[in-house]
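Open the model in your viewer and keep the selection panel at hand. The stops below go from one pair of helices to another and end at a loop.

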Amino acid sequence: MEEALLDKLARVLVETGVNLQKGQYLLLQTSTDSLDLARKVTEHAFRLGAKDVEVIIEDPEIKKIRGLYGDKDTLAIMPEAKKNYLDYYLNQDCCQMGIMSSRPSGMEGVSTENALAIAKADNDLRNVIRKHIHAGTLQWTGTVYANVDWAKKVFSEYPEDVALTKLEEALGKMMRLDDDDPVKAWDKHCEEMSKVSAKLNEYDFASLHIETELGTDITLPLVDGHIWTSAADMGESLTRVPYVANMPTEEVFTDPHRDLANGIAYASYPLMMSGKLVKDFWIRFENGLAIECGASENLECLQAALFKDDNTRRLGEVALVSKRSPITMMNRIFYNGLIDENAASHLAFGQSFSSNIRNGTRMSEEELVAHGVNVASCHNDFMIGTPKMKVTGIRKDGTVIKVMEEGDFVL
C-alpha cells in the first residue's frame, strides 16, 4: 500500500478504532503479512501517548507447516502460559487490535483433523480476549490487510500484481481512506449507523421474521431488554471512551433469544472455517437449537463448530446490513468473515454480546442465560443477506412493522 494511505489507515485504526488514550497499553496482534501496517500502527500509538505497544506476530506459513506435520492432539493445545500472557496486558489499562491475515489457500493440503485442532487452539486463545470484550471493559478493534494470496482469490481475473492493487484499493475505500480526513468520515458514518440502531430500539420488537429468495425463513424472538447497537455505540459497554469494534463495519446488531429461534437459514456467502471454505450451507433451528445442517463443501468444518456443544448450537447475534453498504455495492465476495459480514445481513451461532441487553455487562453468566442471552465458547458469523431480503418486526402488542424490503431498510 502507498505510504500516504498506509499512514491514514494506521491513524484511523488507532484514533477511531481502539480510540487509544494517553497512558494506555496497546496489545497488537498481527501476522507477517501485515508488518507494514503493524509498524505504522505502533508509531501512531506512541505519538498519541501510548504507555507501550506489545506486538504478537504470527506467520501463516509456519502455521500451515504445523498443520501439515504436527500431531492433532498437540496442535489442539493452547498453553496456559500464552493465555496468561494475553490476560496480563488485558487486565492493565489496555486496548487490543487484531490485524487479521486472510489466506484462502492457507490450509490447503492440511488434513481436516489438523485444521480443526489448530482452530480449537486459536479459539481458546481468542476466548481470553472475548472474556474482556463481553465484560464490556475492553476498547478493541479488528481489521484486515491485503496480501497476494487473498488478492488472487478475490480478483482472480487479473494478474497477481494488479489483483493486489485492486484489493488494496477496495480495502481503502471500505476504510474511507479516499476521504481527506478519514477520522472525520468515520465520525459521520458512526452517527448514521447510530440513527438506525436508535430507531430499532424505539420499536422494542419482541421478534423478527427474516425471509430471502434463497429459502431462509426464520423467526427470531429477541431477548427482553435487548439493545440494538452498532460498532460505533456499543450498548452497555463500560469502557471510558467509545471505540469501533470492527473496521470496516456497516452492521447494526442485537441478541436473539437463545431458546426460541425457529426456521431455516441459508448462507448467501461461503464461509472460511478452520482454514477451509464451507460453501452453499444451511442450518435448521428448532426451539433455539440447530438440529441439522448441510453444505456442498467442507460440511465437517461447519459441523465441528456448530455441534461442539448445546451452547454453540444456539444463535448469539442477528445483524442487519443494507444492500447499499459500500462493500455490498462492490459486488465481490471477499472470502473473509469480517469483510463479508459487512456486505450482508448475518446471524452468528455461539456467544452473544452481554452489552446488547440492559445491564448485561453487570450480570453473571447464569443471569445472562436466564434472560435468554447465549453464553458459549465461540462466535461464528454467517451471512444470509440477499438483494431480495425481507425483515419484519413484531412488537409486543402484535403490531407488525416492515424493517427491510428488497434488502434495504424501510424504517
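In which hand does H1 pass H9? The crossing is right-handed. Keep in mind throughout that this is a predicted model.

**Stop 1: H1 and H9**

Select residues 182–203, which form helix H9, and show them together with H1. The two axes come within 9 Å and cross at roughly 45°. H1 and H9 are therefore oblique to each other. To see the contact, show side chains for Lys8, Arg11, Val12, Glu15 and Thr16 on H1, and for Pro182, Val183 and Trp186 on H9. Coloured by class, this contact has four nonpolar, one polar and three charged residues.

**Stop 2: H1 and H2**

Keep H1 (residues 3–17) and add helix H2 (residues 35–47). Two packed helices are described by the angle between their axes and the distance between the axes. Here the angle is roughly 55°, and the axes come within 8 Å. H1 and H2 are therefore oblique to each other, and their crossing is right-handed. From H1, the contact takes in Glu3, Leu6, Asp7, Leu9, Ala10, Arg11, Leu13 and Val14. From H2, the residues to select are Asp36, Leu37, Lys40, Val41, His44, Ala45 and Arg47. By class, there are eight nonpolar, one polar and six charged residues in the contact of H1 with H2. Arg11 deserves a label, being listed in the contact with H2 and also in the contact with H9.

**Stop 3: along H2**

Hide H9 and stay on H2. What span should its 13 residues have at 1.5 Å a residue? The expected value is 18 Å, and the end C-alpha atoms are 18 Å apart, which agrees.

Now select Leu37, Ala38, Lys40, Val41, Thr42, His44 and Ala45, which are buried in H2. What do the buried residues of H2 pack against? Their partners are H1, strand E1 (25–31), strand E2 (52–58) and strand E3 (94–100). Just after H2, pick Gly49, where phi is positive at about 105°.

**Stop 4: Ser105**

Follow the chain on from E3 into the loop that leads to helix H6 (112–134); Ser105 is in this loop. Which residues is Ser105 in contact with, leaving aside its neighbours within four places in sequence? Show Lys64 and Asp149. For a last distance, pick the C-alpha atoms of Ser105 and Thr229: they are 34 Å apart in space, with their positions 124 residues apart in sequence numbering.

Methods
Residues numbered from 1 in each chain as written. Predicted model: local features only at pLDDT ≥ 70, side-chain atom pairs only at ≥ 80, totals over all residues. Heavy atoms only, no water. Axes fitted to C-alpha atoms, helices over the stretch in contact; angles between N-to-C directions. Helix = DSSP H or I, 4+ residues; strand = E, 2+ residues; numbered from the N terminus. Parallel < 35°, antiparallel > 145°, perpendicular 65-115°, else oblique. Left-handed = near helix turned anticlockwise from the far one by under 90°. Contact = heavy atoms within 4.5 Å. Nonpolar A, V, L, I, M, F, W, Y, C, P; charged D, E, K, R; others polar. Expected span 1.5 Å × (residues − 1). Buried < 20%, exposed > 50% of the residue type's maximum accessible area, 1.4 Å probe, protein only.
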